[in-house]
Every structure is written in C-alpha cells, then in structure tokens.
Amino acid sequence: MTTSLQSGASFKILSWNLYRWEGASLEDVLTVIRAEDPDIVVMQEAQTAVDELPEILGGYYDRIPLPGRPHGTACWSRLPFTRPPSFCRLPRGLLVKRTAQLIDFGSFSLANVHLSHGQILNRRQLRSLSANMRHRAVIMGDFNLVGPVLLPGFLDVGPKEKTHRMLNHVPLRLDRCLVRGLSRLEARALPRFGSDHRPISVTLRLGA
C-alpha cells in the first residue's frame, strides 16, 4: 500500500467546528461525511462521541483535547498517518491554552487548528506553527481571525463565504484553509446545521 500521495494527486479535506456539547452530534458528522465523501476530516471542539468514527467508517483517527478541557481537535482520515499525530503548543492567551493537532501524511503535513480570539495573538500562533511543518503544508480549522492572514509562504485557499455569526448577528469568515506547496481545485462552505459554524470543504492538489 502506498503510504503517501504522489505529486499531482488530489484529495478533499473537510473542516468543521462542532460546537462542543451543544452542537453537531456524531450522526451530524456522519451525515456530512457520507454526503461529501472527503478523504480527511478535521474537527474542532470535538468530544468523545466522535471517537466512534473509525469503528463505523474504518480509516485512521486521532483526537487531542485542549489542556484542561473535555473538547479539542480531532482528525478522521481515509489516508494513513505516517506517524502517530502529535500536538504543537501555541503561544497562549489569557484564558485558554491552545494547541494545534499535527498530522503527517508523508508527502505533506496538516495542522488542525482552533486559534485564539486575539487578532495579534492568532497570527503569532500561525507563524509559530508553520515552522514545524513540511514544505508542503495545510493549515485548516477555526482561525478566529478577521481580515487577511498574511502568513509568509502560504495562500488562503478556503471558501470566501462567511462561516459563523458572532452573537447570531455579525457574519464572519472564521473557518480557513492555508496551503504551501499545494493548489486549490475547489472550495465550498456547506449549509449550516448542527453547529454555530458551517463546515468547509476544500479539494487540493499536491504541487511538484
């Protein structure tokens, strides 16, 4: 079995902030996976319910709770991990200790993120994270970031639609996808249901 994708290969990644215990259920996640048929799904604010995904769907799975919290980042994938996923400690805010889930697929690395709300701090977190990744890299998740990212070497290739309504009123594009050494074939924000965030789907191609 090939353990990593080759140059020119394409794959689809889906990202969704599940909104902890008040939000999307395991059945909601399964509904989206079955409808969209992604190769990789990264989730934020994921709890133990989604630990059942590999028993139901097969594939590869890992979840890393935030320090001191019951929820955190999780990844389900049809593609094998080349090593056990790890986490990267990010510059911390006043209230929450943030980590990023790092998954290595051999030909590229993927960071599943749920960044801080501070607009200077979350950009610092991205710069810190990018130094720990392969040349071909994907950073995807809930950025809690407003305006341009401006991370050197990376392109923002996610959908341009708003993905979250702050206080149910102010529309914001918080869910992003940054890439280095890959190109975008398609990007969509999916309909809102189950959570206060819309899932986003991005199809990427590995660069030469």
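**A walk through the predicted model, beginning at strand S14**

Let me start with a pairing: strand S13, residues 182-189, runs antiparallel to S14 and is joined to S14 by seven bridges, where strands count as paired if DSSP finds at least two bridges between them, and where strands (E, at least two residues) and helices (H or I, at least four) are DSSP runs numbered from the N terminus. What we are looking at is a predicted model, in which local features need pLDDT of at least 70 and side-chain atom pairs count only at pLDDT 80 or more, while totals for chains, interfaces and linings use all residues. Residues are numbered from 1 along each chain as its sequence is written, and side-chain values use heavy atoms, with hydrogens and water left out.

Staying with S14, strand S1, residues 10-17, is also antiparallel to S14, and six bridges join the two. Which residues stand opposite Thr-203 of S14? Glu-186 is one of them, and Lys-12 has Thr-203 as its bridge partner as well. Strand S14 itself, residues 200-206, is mostly covered, since six of its seven residues are buried, buried meaning under 20% relative accessible area, exposed over 50%, and partly exposed in between, with a 1.4 Å probe and protein chains only.

Stepping back to the whole chain, we find three helices and 14 strands, and 56% of the 208 residues count as buried. The C-alpha atoms fill a box of roughly 45 × 40 × 30 Å along the principal axes. The radius of gyration is 16 Å, which agrees with the value near 17 Å for a compact globule of 208 residues; that radius is taken over C-alpha atoms, and the globule rule is 2.2 Å times the number of residues to the power 0.38.

Elsewhere in the chain, six strands form an open sheet of mixed pairing, in the order S5-S6-S7-S8-S12-S9. Its edge strands are S5 (86-89) and S9, each of which pairs on one side only. Within this sheet, strand S6, residues 99-104, runs antiparallel to S7 through four bridges, and the bridge partner of Asp-104 in S7 is Ser-109.

Following strand S7 (109-114) onward, we reach the loop that leads to helix H3 (121-130), and Ser-116 has its place there. Is Ser-116 buried or exposed? It counts as buried, because its relative accessibility is 6%. Its side chain makes a polar contact of 2.9 Å with that of Gln-125, a polar contact being a pair of N or O atoms within 3.5 Å in which, within protein, one must be able to donate a hydrogen and the other to accept it, and residues adjacent in sequence count only if both atoms are side-chain atoms.

Another loop, between strand S8 (137-142) and strand S9 (155-156), holds Val-146, which at 48% relative accessibility counts as partly exposed. Leaving aside residues up to four places away in sequence, Val-146 touches Gln-119, Arg-123, Leu-172 and Arg-176, contact meaning heavy atoms within 4.5 Å.

Finally, the cysteines: a search of the whole structure finds zero disulfides, a disulfide being a pair of cysteine sulfur atoms within 2.5 Å. Why does Cys-75 form no bond with Cys-177? The sulfur of Cys-177 is the closest cysteine sulfur to that of Cys-75, yet it is 13 Å away, which is too far for a bond. Cys-75 is buried, with a relative accessible area of 0%, and Cys-88 is buried at 9%.
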